[in-house]
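Welcome! Here is a short guided walk through one protein model, written for someone meeting it now. Have a look at the structure, then read on.

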Amino acid sequence: MKETRTLRWGGARIGAGAPAIVVSLTGPGPAEAADQARSAVAAGADVLELRLDLLDGVARALGEPTGADGSGGSGGSGEAGTAEACRAALEACLAVAGAGAPLLLTCRTRAEGGRVALPDGDYEALLLSLLEGVAGTGGTAAVAAAVAAIDVEVERGCLAAVAAAAHGLGIDVVGSFHDVVATPPDARMEAVLSAMASHGADLAKIAVMPADGADVVRLLGVGARAQARLSIPVAAISMGALGAVSRVAPVFGSALTFAVASGPASAPGQLPIEEVRRVLALLAP
Ligand SMILES: O=C1C[C@@](O)(C(=O)O)C[C@@H](O)[C@@H]1O
């Protein structure tokens, strides 16, 4: 019988039993993220995802417009932008570190539905310096203790390198793949999840957009089969209103589900955390 590893993120067990409920902190500043973190924990979030790309300080440092009129992208790619983005990210980490739930750090690129358009080399450099900052002299003990995992987009080509660095610091890696337009063929989704496992991810996560109910069924099937086949936990999400059922369907074995607390949703189809908790309890196998 294949054994699936379970992960321990702070007080949360990931991959054992019901999906852990993750709430994304969207900022746009550290103070707003801290408020969102407090409400999310009060509402029962198991994990907080800090969406670095949605923080104005990070996006601005990476050259993205942040003003209402599209102005404000003062930074840019390259070392200076990376260092400034890292500084802004660590400031936000510090603001949310005491909220009482483990942190998953995510910088979602525009290619996968996020805010920042980063060349692959800059994406890798940002994640590596972020890890150094969390654990090194730029960080604090509170931040180091709170950061449980980092999200790495498998398509950016740096999963193995970032996983090696993260594991050296005791930080888990969530392999990540998004298709915000369609639900790819089953074989493609299966290959993506397997690639995450073979490149060092501790959890394999896929989020795709359905065109109809049949796409939702395919995603759920791929997720359930991957969970049976791989030795790491799997999270499989079908986005949008059509896919919302995938967020409250514990029987398929998804290790994580993303819900909304006080802030805005970080992806289409996320449901209010209170309802997610209620339905998960009702449908627990
Ligand atoms: O990967 C995911 C899942 C997600 O895209 C969702 O559909 O809930 C939300 C993102 O913030 C997160 O990084």
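Which residues does Asp215 touch, not counting residues up to four places away in sequence? They are Thr183 and Pro210. Before going further, please keep in mind that this is a predicted model.

## Around Asp215

Asp215 is found in helix H8, which covers residues 213-229. Is Asp215 buried, exposed or partly exposed? Residues with 20 or more C-beta neighbours within 10 Å are buried and those with 12 or fewer are exposed. Asp215 has 18 such neighbours inside 10 Å, so it counts as partly exposed. Leu242 is 27 residues away from Asp215 along the chain, and the C-alpha atoms of the two are separated by 9.3 Å.

## The sheet

Now for the sheet. It is an open one made of 9 strands, and its order reads S9-S8-S7-S6-S5-S4-S3-S10-S11, with parallel pairing. Strand S9 (234-238) and S11 stand at the edges; each has a single partner strand, so one side of each is left without a neighbour in the sheet. In general, the strands of a sheet pair through backbone hydrogen bonds, in either a parallel or an antiparallel way.

Two of the pairings can be followed in detail. S8 and S9 run parallel and are joined by 5 bridges, and Ile206 stands opposite Ala236 in S9. S6 and S7 also pair in the parallel sense, over 5 bridges, and here Ala149 stands opposite Asp172 in S7.

How many of the 8 residues of S7 are buried? The number is 7, so S7 is largely enclosed by the rest of the structure.

A helix lies across part of this sheet. Helix H3 (residues 79-96) lies across strand S3 (20-25), S4, strand S5 (103-106) and strand S6 (147-153), and it runs at about 155° to S4.

## The annotated positions

Which residues does the UniProt annotation "active site" cover? In the unreviewed entry, the annotation names His178 and Lys205. These two span 28 residues in sequence, yet their C-alpha atoms are no more than 8.7 Å apart, so they gather at one spot.

His178 lies in strand S7. Leaving out residues up to four places away in sequence, His178 touches Glu112, Gly113 and Ala207. Lys205 lies in strand S8. Setting aside its neighbours within four places in sequence, Lys205 is in contact with Val174, Gly175, Ser176, Ala235 and Leu256.

The same unreviewed entry type also carries a "binding site" annotation, which covers Ser24, Glu49, Leu50, Arg51, Arg108, Arg247, Ser266 and Gln270. Two of these can be placed more closely. Arg247 sits in the loop between helix H9 (240-243) and strand S10 (256-260), while Gln270 lies in the loop between S10 and strand S11 (271-272).

Arg247 and Gln270 touch each other. Beyond four places in sequence, the other contacts of Arg247 include Ile237, Thr257 and Phe258, and those of Gln270 include Phe258, Ala259 and Val260.

Are these four annotated residues buried or exposed? The table gives the count behind each verdict.

| Residue | C-beta neighbours inside 10 Å | Counts as |
|---|---|---|
| His178 | 21 neighbours | buried |
| Lys205 | 25 neighbours | buried |
| Arg247 | 23 neighbours | buried |
| Gln270 | 21 neighbours | buried |

## The shell around the ligand

Of the 16 residues around the ligand, which come nearest? They are Ser24, Ala207, Phe258, Ser266 and Ala267. Ser24 and Ser266 are also covered by the "binding site" annotation from UniProt.

The shell divides into 5 nonpolar, 6 polar and 5 charged residues. Strand S4 (47-51), strand S7 (172-179) and strand S8 (203-208) each supply at least two residues of the shell.

## A cis peptide bond

One last stop is a detail of the backbone. Most peptide bonds are trans. The bond from Gly27 to Pro28, however, is cis, with omega near 20°. Pro28 lies in the loop between S3 and helix H1 (30-42).

Note on methods:
Residues are numbered from 1 along each chain as its sequence is written. This is a predicted model: local features need pLDDT of at least 70, side-chain atom pairs count only at pLDDT 80 or more; totals for chains, interfaces and linings use all residues. A residue is near a molecule or strand if its C-beta atom, placed from the backbone, lies within 6 Å of it. Helices (H or I, at least four residues) and strands (E, at least two) are DSSP runs, numbered from the N terminus. Ala, Val, Leu, Ile, Met, Phe, Trp, Tyr, Cys and Pro count as nonpolar, Asp, Glu, Lys and Arg as charged, and the others, Gly among them, as polar. UniProt positions are given in the numbering used here, feature names are shortened, and annotations may be inferred rather than shown by experiment. Two residues are in contact if their C-beta atoms, placed from the backbone, lie within 7 Å. Two strands pair if DSSP finds at least two bridges between them. Axes are lines fitted to C-alpha atoms, for helices over the stretch in contact, and angles run from 0 to 180 degrees between N-to-C directions.
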